[in-house]
Amino acid sequence: MQYLLMICGDETAEEHRFDGCGGWSEDMARAGKVRGGGGLRPPSEATTIRVRDGEVLLTDGPFTEAKEQIGGFVILDCEDLDEALELAARHPAAGYGSIEVRPMLGPEDFA
């Protein structure tokens, strides 16, 4: 099953933006666990789009105000939630921010 790891942090996490993952990404790739991922530019560079009553509405900035923002994401292929949680706990960002681990829907979920 695939799991999305959303790597989050508050404004103090900004100082870690160029730290890399301390070998975590390479370890996950060697183990065949990584299916995708990447870092995100700051929320100040976001644009939010909504369509209401046929009208396209654009807003500069993130879709919500929050103390923590998503700074990056990783998609892992794991046997189960326990494995996904164990691997997420090894990510360096877990030490200064938080990582939301969420199971992803597969094609079978839409049949």
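Student: Is Lys33 buried or exposed, going by its relative accessible area?
Tutor: This is a predicted model in which local features need pLDDT of at least 70 and side-chain atom pairs count only at pLDDT 80 or more, while totals for chains, interfaces and linings use all residues. Residues are numbered from 1 along each chain as its sequence is written, and side-chain values use heavy atoms, with hydrogens and water left out. A residue is called buried under 20% relative accessible area, exposed over 50% and partly exposed in between, using a 1.4 Å probe and protein chains only. Because Lys33 has a relative accessible area of 16%, Lys33 is buried.

Student: Which side chain meets that of Lys33 in a salt bridge?
Tutor: A salt bridge needs a side-chain nitrogen of Lys or Arg within 4 Å of a carboxyl oxygen of Asp or Glu. The partner of Lys33 lies at 2.7 Å, N to O, and is Glu83. The two are 50 residues apart, with Lys33 in the loop between H1 and strand S2 (34-39) and its partner in helix H2 (residues 81-89), where helices are DSSP runs of H or I with at least four residues and strands are runs of E with at least two, numbered from the N terminus. At 16% relative accessibility this partner also counts as buried, and its name is Glu83.

Student: How many residues apart in sequence are the parts that Arg35 and Asp77 tie together?
Tutor: The side chains of Arg35 and Asp77 meet in a salt bridge of 3.2 Å, N to O. Arg35 lies in strand S2 and Asp77 in strand S5 (residues 69-77), so the parts tied together are separated in sequence by 42 residues.
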